[in-house]
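Welcome! Take a moment to look over the sequence and the 3D view, and then we can walk through the strands and salt bridges together.

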Amino acid sequence: MSLQMVTVSNNMALIQPGFSLINFDGQVFFFGQKGWPKRSCPTGVFHFDVKHNHLKLKPVVFSKDSCYLPPLRYPATCIFRSGVESEKQKYIIHGGKTPNNELSDKIYVMSVVGKNNKKVTFRCTEKDLVGDVPEARYGHSIDVVYSRGKSMGVLFGGRSYIPSAQRTTEKWNSVADCLPHVFLVDFEFGCSTSYLLPELQDGLSFHVSIARNDTIYILGGHSLANNIRPANLYRIKVDLPLGSPAVNCTVLPGGISVSSAILTQTNSDEFVIVGGYQLENQKRMVCNIVSLEDNKIDIREMETPDWTPDIKHSKIWFGSNMGNGTVFLGIPGDNKQATSEAFYFYMLKCAEDDVNEDQKTLTNSQTSTEDPGDSTPFEDSEEFCFSAEACSFDGDDEFDTYNEDDEEDESETGYWITCCPTCDVDINTWVPFYSTELNKPAMIYCSHGDGHWVHAQCMDLAERTLIQLSEGSNKYYCNEHVKIARALQTPKRVLPLKKPPLKSLHKKGSGKIITPAKKSFLRRLFD
């Protein structure tokens with residue numbers, strides 16, 4: 001194992017706890033920034049380009065037929081392949097925290113549709129579910145199992161906000177463990193079925209999940225209700241016959257107590273568990289090798305990397321799996337020093353560089369890290385403030401510069417929670433407007449007084465008009481204040497009518513022009 005420090009050349013402020021890394025055929029992409037994706041990258045997805053321990057974030061683009069993918073933090077992700085061997089891999093993304101600090105219950109399918117030397121084009125589609133639809137959550141896992149030539153998604157664990165009936169102003173963002181249900185999701189037909197297994201007593205979050213063929217192993221995790229990290233190890237086996245699926249769970253010995261660990265795959269039968277927490281305020285510095293062979297799992301400690309003093313003494317750490325046996329780690333900088341960076345980043349290589357292509361995409365497990373606010377009691381540990389100056393992209397790239405001042409300060413202003421007095425739309429149901437969401441803009445800004453936000457559902461305007469008003473820089477007044485807007489308008493200046501010029505006379509046959517003055521002189525001469 002080798003540990004190397006990584007320098008970030010641009011947009012360091014985008015890399016915060018809760019991000020995910022996705023690997024398409026050896027190319028790594030960053031997903032899950034905090035804040036609204038604006039000029040830095042309208043899609044919120046960046047090419048994670050690391051060369052010679054130097055990281056550059058380059059925006060990617062999505063195809064025109066893609067749906068909008070918000071920058072979700074702490075989602076569950078996994079790789080999915082259908083039965084057709086020639087079909088390219090896809091990423092499944094479920095749940096996570098939205099920029100508005102709400103939780104998502106949507107499933108997105110992400111794939112690559114175009115690639116050249118300069119850019120990668122993605123397609124993202126939203127998958128609708130029917131049946132037992134999993135509630136919105138974060139810190140959970142989603143994996144894909146394969147049995148009898150069929151595939152099925154398996155979703156488990158996580159945290160969710162307490163029911164709306166129990167939410168008060170003081171407990172608005174309070175979370176609770178999700179019920180220990182196992183969901184089987186058919187990605188082809190969009191059907192979801194819930195199973196309650198007696199062996200699973202707690203709704204664990206930020207656990208580690210490993211999928212292999214028709215079996216999923218779940219180990220570690222944190223139970224918020226009991227505030228424990230049980231050293232349990234579960235084996236969930238899924239059989240997919242022609243009829244109804246069969247799901248059974250077995251409790252195995254040899255588990256480990258850990259939450260928020262990062263899993264990376266080193267070869268076809270071996271994984272490495274890195275990082276995480278063993279107590280509420282204590283990082284777990286031990287790494288483990290997980291070996292799978294003949295439907296058996298073996299977990300043992302391995303030689304730890306040569307952790308730097310900064311990593312050893314930091315209170316928290318976070319990161320994600322880059323694939324190919326490599327883990328990307330981040331720790332807070334020393335804020336006591338004026339020149340200190342907000343975060344320091346490292347790459348931990350757990351495998352040799354000659355990992356073959358088949359080994360790159362077999363890890364179907366949770367890669368997001370535990371919310372520091374839920375794992376450590378330190379003040380302001382959930383979100384970090386960045387003081388680093390914003391840097392621009394390379395001059396070759398045709399993208400605008402990212403500016404941290406563009407991001408809204410949700411701690412002070414909130415996100416568009418006011419509307420016209422006559423509005424009766426529930427403020428908890430609308431989707432905030434994104435500059436790239438061309439399907440259904442949700443909020444329009446009214447310029448009257450100090451300004452306020454108006455629900456698009458309250459406006460009797462065409463969708464195209466709403467988009468133009470939202471993206472334009474001109475002042476806009478909603479229906480309630482449209483009379484004020486008309487009164488403030490200055491009448492358009494009417495230009496005076498232009499008098500037509502006098503026509504020149506042309507003497508027939510001479511080819512010379514006779515002006516009116518010459519014509520008058522000639523008349524007096526011959527009279």
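Two strands count as paired if DSSP finds at least two bridges between them. Keep in mind that this is a predicted model. With that pairing rule, five strands make up an open sheet, in the order E6-E10-E9-E8-E7, and their pairing is mixed. Strand E6 (61–62) and strand E7 (76–80) are at the edges with a single partner strand each, so each has one side without a neighbour in the sheet. For E7, five bridges lead to strand E8 (residues 90–94), and these two strands run antiparallel. Within that pairing, Cys78 has Ile92 in E8 as its bridge partner.

Now for the chain overall. It has six helices and 34 strands, and 49% of its 527 residues count as buried. About 27,400 Å² of the protein chain is exposed, with carbon and sulfur atoms supplying 49% of that area. Of the contacts between residues at least 6 apart in sequence, 58% join residues at least 24 apart.

Is strand E30 largely enclosed or left open by the rest of the structure? Six of the seven residues of E30 (residues 343–349) are buried, so this strand is largely enclosed. Strand E1 (residues 2–8) is joined to E30 by five bridges, and the two run antiparallel; here Val6 stands opposite Phe345. Strand E29 (residues 326–332) also runs antiparallel to E30, through seven bridges, and Thr326 stands opposite Lys349.

Side chains make links too: the structure holds seven salt bridges. Three of them, including their N to O distances, are listed here.

| Salt bridge | Closest N to O distance |
|---|---|
| Asp239 – Arg148 | 2.7 Å |
| Lys237 – Asp214 | 2.9 Å |
| Asp298 – Arg300 | 3.2 Å |

Let's start with the salt bridge between Asp239 and Arg148. Asp239 sits in strand E20 (residues 233–239) and Arg148 in the loop between strand E12 (141–147) and strand E13 (150–156), so the pair ties together parts 91 residues apart in sequence. Asp239 is partly exposed at 27% relative accessibility, while Arg148 is exposed at 60%.

Next comes the salt bridge of Lys237 and Asp214. Lys237 is in strand E20 and Asp214 in the loop between strand E18 (208–212) and strand E19 (215–219), with 23 residues separating them in sequence. Lys237 is partly exposed, with a relative accessible area of 33%. Asp214 has 18% relative accessibility, and because buried means under 20%, Asp214 counts as buried.

Finally, Asp298 is partly exposed at 38%, and its salt-bridge partner Arg300 is partly exposed at 37%.

Definitions and conventions:
Residues numbered from 1 in each chain as written. Predicted model: local features only at pLDDT ≥ 70, side-chain atom pairs only at ≥ 80, totals over all residues. Heavy atoms only, no water. Helix = DSSP H or I, 4+ residues; strand = E, 2+ residues; numbered from the N terminus. Buried < 20%, exposed > 50% of the residue type's maximum accessible area, 1.4 Å probe, protein only. Contact = heavy atoms within 4.5 Å. Areas by Shrake-Rupley, 256 points an atom, 1.4 Å probe, with all protein chains shown as cover. Salt bridge = Lys/Arg side-chain N within 4 Å of Asp/Glu carboxyl O.
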